[in-house]
Amino acid sequence: MERKNPLREFVSESKSSAGEYLRGLNDSQYKAVTSDAGALLVLAGPGSGKTFVITSRVRFLIHNRSVPPEKILVITFTKDAAVSMKRRFYESEGGICPVVFGTFHSVFFSILRESKGYSAKKLLGDEHKKSIFSKIISEIIPENKAKMSGTDSGGISPEFICAVSVYKNTGDKEKALSKIGSDINMYFDPVFNAYEEYRKQRGLYDFDDMVFDCYELLKKEPRIRSYWSGRFDHILIDEYQDINKMQFETVKLLCGSDTEILAVGDDDQAIYGFRGSRPGCLREFKEYFNADIVNLEVNYRSLPEIVDIAGRIIKENKSRFIKHQKADRNLGLLNDSVRILGFKTSEEQKSYFAGELKRSPENEGNTAFLFRTNLAMQDFAAFLTKKGIEYNIREKSLCVYEHPAALDIFAYLKLADGDPEYIYRIINKPVRYISREALRSGHGDRDFYSEERKTFECDEAYSGDGCGNYIDSAISYYAEHREKYNNINRIRELQILKKDLIFLKGKRPGLGIRYIRNKIGLDKYYGKELRNERLREEYKAVLDFLLKDSEGYDSLEEWMDFIEIYKREFKDKPEVKKDGSLGEGKKNDIPELMTVHASKGLEFDNVYIPDVNEGMYPHGKMPDTESLEEERRIFYVAVTRARNRLLIGYVSGENESLQKTPSRFISML
């Protein structure tokens, strides 16, 4: 008696309606879904239905070409996307069908686990990885060389971790070396080799290694490669513009001689250059696989005016496939779907945007505010908090008031206010060569050392104060250990610090921050100690934010009260899921704040983009051609999130100390 195959029966039952989904496709979508090309590149612009095309293609392969479901592999970039696509496919099929859906990392890890016994228990955490690198670096780089570089092995380990990650994802050694200071980048090879030996001996790996090790495995072991290249007859890859070089090389190894491969992507939405992705990967795909091209040019998301302005923005990029998107929607009701507004000050801009929230009726749909940086997003979030306006934050990121630069500022201000527990955080920022042993010496109140009289003199301003006692104790400690230290310099530094704290006590927060940055020298300290330029810019931006944020407060206590409210609300915000839901009992009709990168793949009825100025769009100073084109793509992604209304704001700076310029991205509009 022949056994029944439940899967075959399921597929057979579904065939009756198998052709219905084809009738819902436009001409270019139909061509992509039904193509018999061995390799196909689908250029999918914003709102063009790429997910529908992928799931329809899978259904077509199963029902019309009789491909066994388990021979189909669909790769996405995020777990949310994989889960969402699998769910939509199951719903369209009316049940479970064993097509393999997964991210690059999950697919490659499955190969490593099945072929080499990799275990999830061996995944390295960030702190464990940093400690491994610190140990390796301390053994490889001479101690005097580390000191010459201005830091220790723990301080430079992030540079090597970043460089190794870049190398594993791109194979570009020159780009990897650019992540390390020029004084120590000659140590990259020995550090990399030592790390590889260490982790492989112990069976350890991180997320980068899931790709790197899978590539090495398939390349070096023909038998395993032969098995996996024959495992799938069809490979479909979503968001192909985000692929990096090592992922592409591994995909090549997964493809057998008869494997059909389809890549869906849009080089105009390639915005993850910092992860190693490149818009040129689409052209490389076409050339390597000799792929046919289908262009999905109908935009089902946005109104015509939004589609038009997006097209005018992105056409300035030269390194791209030419596309001509046209809008399918035309409500004929909104003739002002795009507005570009200038404001004299940042405060005026924020007030206007906040006012828009109050003016917009609830029935006009969901709203998103998109920002180029996390700091700009939190600046606006703080403003809304002060105004008592509700909002959600799409991404969970570091609260700006908990950034290391902010904690250093708060430590100085609170120390000056008489709280000694913060002294350890700032005692060597800037470097004063003061030891913890000296601070803990417990000598109590002792007199100041006077350089002029070569004696100790008591300063009554801190008499009996806990903070002053710590400093006085340290001064006494160095005075009593003359044979061990260069006492005079340390004592002088402590004496200056004490006078600085006396000056800061009771001052308005804004004045205090200026004094800490310029007179005490925190800006100069960061400029010297932070070896990475991006970090230096980040710390400076946080300090600028704190200065501006603090100027509305008369006292440190008043400012700290607001900060505690903001931190509590920031942490308590419900996490917004990829499908837009907030969970049971949570309101879904209040505006969302997010960075442009977090908005990728999403859409909103109303989109507001503040701060479209030079320095923000494009971000940074004097970007080269490649960086400028990526920055333009980032702005393009922000614009194309809008369905019905798009409001772009910029600040002229006419009433501020610094004149500002509208972004070059909107100057031609």
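The paragraphs below lead through the salt bridges, a helix, some backbone features and a surface patch of this structure, which is a predicted model.

A convenient place to begin is with the charged side chains. Side chains of opposite charge can pair when their charged atoms come close. The structure holds 49 salt bridges, and a few of these are worth following in detail. In one of them the side chains of Asp206 and Lys129 meet, with a distance of 2.3 Å from N to O. Asp206 lies in the loop between helix H10 (188–202) and helix H11 (207–220), whereas Lys129 belongs to helix H6 (residues 126–140), so the pair ties together parts that are 77 residues apart in sequence. Asp206 has a relative accessible area of 5% and is therefore buried, and Lys129, with a relative accessible area of 10%, is buried because that value, too, falls under the 20% limit.

A second salt bridge is formed by the side chains of Lys168 and Glu196, at 2.7 Å from N to O. This pair links distant parts of the chain, since Lys168 sits in helix H8 (residues 153–170) and Glu196 in helix H10, 28 residues apart. Lys168 and Glu196 are both buried. The pair also takes part in a wider arrangement, in which Lys168, Glu196, Arg199, Lys200, Asp209 and Asp213 are linked in a network of salt bridges.

The salt bridge between Lys350 and Glu347, whose closest N and O atoms are 3.0 Å apart, is set within a single helix. Both residues lie in helix H16 (residues 346–359), where they are 3 residues apart, about one turn of the helix. The spacing can be read against the general geometry of such elements. An α-helix has 3.6 residues a turn, so residues three or four places apart point the same way. As for their surroundings, Lys350 counts as buried because its relative accessibility is 9%, while Glu347 has a relative accessible area of 39% and is therefore partly exposed.

Helix H17 (residues 374–387) offers a check on helix geometry. At 1.5 Å a residue, its 14 residues should span 20 Å, and the C-alpha atoms at its ends are 20 Å apart, which agrees with that expectation. Of the 14 residues of H17, 10 are buried, so the helix is largely enclosed by the rest of the structure. The buried residues of H17 are Leu375, Ala376, Met377, Gln378, Phe380, Ala381, Ala382, Phe383, Leu384 and Thr385. After H17 comes Gly388, which has a positive phi, near 70 degrees.

Positive phi values also occur in residues other than glycine. Ser66 has a phi near 55 degrees and is placed in the loop between helix H3 (50–63) and strand S2 (72–76). Because its relative accessible area is 53%, Ser66 is exposed. For Asn290, phi is likewise positive, near 55 degrees, and this residue lies in the loop between helix H14 (281–289) and strand S6 (292–296). With 64% relative accessibility, Asn290 counts as exposed.

The backbone has further features to inspect at two prolines. Lys429 and Pro430 are joined by a cis peptide bond, with omega at about 5 degrees, and Pro430 is found in the loop between helix H19 (423–426) and helix H20 (436–439). A cis peptide bond also joins Tyr617 and Pro618, where omega is about 0 degrees. Pro618 occupies the loop between strand S15 (604–609) and helix H28 (625–639).

A contact between residues far apart along the chain can be followed from Asn644, which has its place in strand S16 (residues 642–651). Asn644 and Ser337 are 307 residues apart in sequence, yet their C-alpha atoms are 6.0 Å apart in space. Asn644 has a relative accessible area of 11%, so this residue is buried.

The route ends at the surface. Asp417, Glu557, Glu558 and Asp561 form a negative surface patch. One of these residues, Asp561, lies in helix H26 (residues 556–572). Asp561 is partly exposed, because its relative accessible area is 46%. That value is over the 30% which membership of a patch requires.

Key. Residues are numbered from 1 along each chain as its sequence is written. This is a predicted model: local features need pLDDT of at least 70, side-chain atom pairs count only at pLDDT 80 or more; totals for chains, interfaces and linings use all residues. Side-chain values use heavy atoms; hydrogens and water are left out. Patches are made of residues with over 30% relative accessible area and no salt bridge: like charges are joined within 9 Å, nonpolar side chains (Val, Leu, Ile, Met, Phe, Trp, Tyr) within 5 Å. Accessible areas come from the Shrake-Rupley method with a 1.4 Å probe; for residues, only the protein chains shown count as cover. A salt bridge is a side-chain nitrogen of Lys or Arg within 4 Å of a carboxyl oxygen of Asp or Glu. Lys and Arg count as positive and Asp and Glu as negative; His and the chain ends are not counted. The place of a charge is taken as NZ of Lys, CZ of Arg, CG of Asp or CD of Glu. Helices (H or I, at least four residues) and strands (E, at least two) are DSSP runs, numbered from the N terminus. Buried means under 20% relative accessible area, exposed over 50%, partly exposed in between (1.4 Å probe, protein chains only). The expected span of a helix is 1.5 Å times one less than its number of residues.
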